Structures are given as structure tokens and as C-alpha cells.
Amino acid sequence: NSQDLLDGKVTLYWSYLDGTNEMSLGLLARNHVGYVGFGISSQVESSHGMVDADINVGWVGANGVFTARDMYSDGPGKPTVDDAQDIYHVSGGEANGHTVFRWTRAVDGTGTQDRSFVRAEPTEIIVALGNLDP
């Protein structure tokens, strides 16, 4: 599955992994070098989706190494690193002016700072791009 976001600047890819409680996700940020962020908010149709949000962020540091973090947010501002890093099979990088971030996570949130995907209900998605490393 895929969905273009931010007027086509970002494409979100996802698939549920058969026989598991896991899903694979990916972000392609076109014409962007910097961090890319994805989040799930419990605040469907709220005025500020970062309230009570489960956030995954990836970036290439000055040393050329791709880094990703599982984070959460209680409101506007910089997210906090999650106590449990529940994202895995992480990969990403920058090439030809684009940034790619791929990872796997549980469908059902596994920690107190995680949110779940519920297939039959709307899920508030947050996508963010930034020029500085988080």
C-alpha cells in the first residue's frame, strides 16, 4: 500500500506482514535531505496531532550514518526518545537529493508510549520533514 502526503513531497509505504503482529513501513521524501518523521496520534481529527503521538524519526548524520529513533510526544515541540526502541529492520539513506527511511514495527503498540494501528478505524498520521538532525 502507498499514499502520497504533503502535496506529493512524501510517499508513505506500508504492508502488514502475514502471520505476524508486524508491519513494514517506508517513507520516501523527494527533493529533501534531512530528517523524516512518521507518527501515529491518538487524536483523530484533532487540531494538533502531536498530542499523545507515537513517532519514528530517521536521518543521515554528519558522519554519513543513518540513524532512527522510536519517540513519543505529549504535545507540540521536539519529541522524547521512547524508553523502549520498538522499531527494527531499520534502513535508510540519502541519494540524489531524496531521503528514504524503512523500518518494521508492531501493529499493536508494545509499550506504554506506543500507539496501535487498528485496521477498521481511522488512524491519524503525522509526517514531518526537517533540515537539521533531531
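1. Let's start with what the largest pocket is made of. Its lining divides into eleven nonpolar residues, three polar and one charged. Bear in mind as you read on that this is a predicted model.

2. Which residues sit nearest the centre of that pocket? They are Tyr 35, Met 50, Val 57, Pro 79 and Ala 128, out of 15 that line the largest pocket. The space inside comes to about 230 Å³.

3. As for where the lining comes from, three strands each supply at least two residues to the largest pocket: E4 (35–41), E5 (53–60) and E10 (124–130). E4 gives the most, with four residues.

4. Those strands also turn up in a sheet. It is open, has five strands and runs in the order E7-E6-E5-E4-E10, with antiparallel pairing. Why do E7 (80–81) and E10 each have one side left without a neighbour in the sheet? Both stand at the edges with a single partner strand, so there is nothing in the sheet on the other side.

5. If you want to look at one pairing, try E4 with E5. The two are antiparallel and pair over six bridges. Ile 40 stands opposite Asp 54 in E5, and Asp 54 comes back in point 8 as part of the cavity lining.

6. On to the second largest pocket, which holds about 190 Å³ of space. It is lined by 14 residues, and Leu 12, Trp 14, Phe 117, Thr 123 and Ile 125 are the closest to its centre. The elements giving two or more residues to this lining are strands E1 (2–5), E2 (10–17) and E3 (22–29). E2 has the largest share, at three residues.

7. By class, the lining of the second largest pocket has ten nonpolar residues, two polar and two charged.

8. How many cavities of 30 Å³ or more does the structure hold? There is one, and the volume of the largest cavity is about 50 Å³. Its lining includes four aspartates, Asp 54, Asp 70, Asp 86 and Asp 114, along with Arg 105. Asn 56, Ile 87, Ala 106, Gly 109 and Thr 110 complete the list.

9. By class, the cavity lining has five charged residues, three polar and two nonpolar. E5 and strand E9 (98–106) are the elements that give two or more residues to the largest cavity. E5 therefore deserves a second look on screen: this strand also supplies at least two residues to the lining of the largest pocket.

Note on methods. Residues are numbered from 1 along each chain as its sequence is written. This is a predicted model: local features need pLDDT of at least 70, side-chain atom pairs count only at pLDDT 80 or more; totals for chains, interfaces and linings use all residues. Side-chain values use heavy atoms; hydrogens and water are left out. On a 1 Å grid over the protein atoms alone, a cavity is a set of points where a 1.4 Å probe fits but cannot get out, and a pocket is an open set with protein on both sides within 12 Å along at least five of seven lines; lining residues have an atom within 4 Å of a point. Grid points are joined across faces, edges and corners, and a volume is the space filled by probe spheres set on the points. Ala, Val, Leu, Ile, Met, Phe, Trp, Tyr, Cys and Pro count as nonpolar, Asp, Glu, Lys and Arg as charged, and the others, Gly among them, as polar. Two strands pair if DSSP finds at least two bridges between them.
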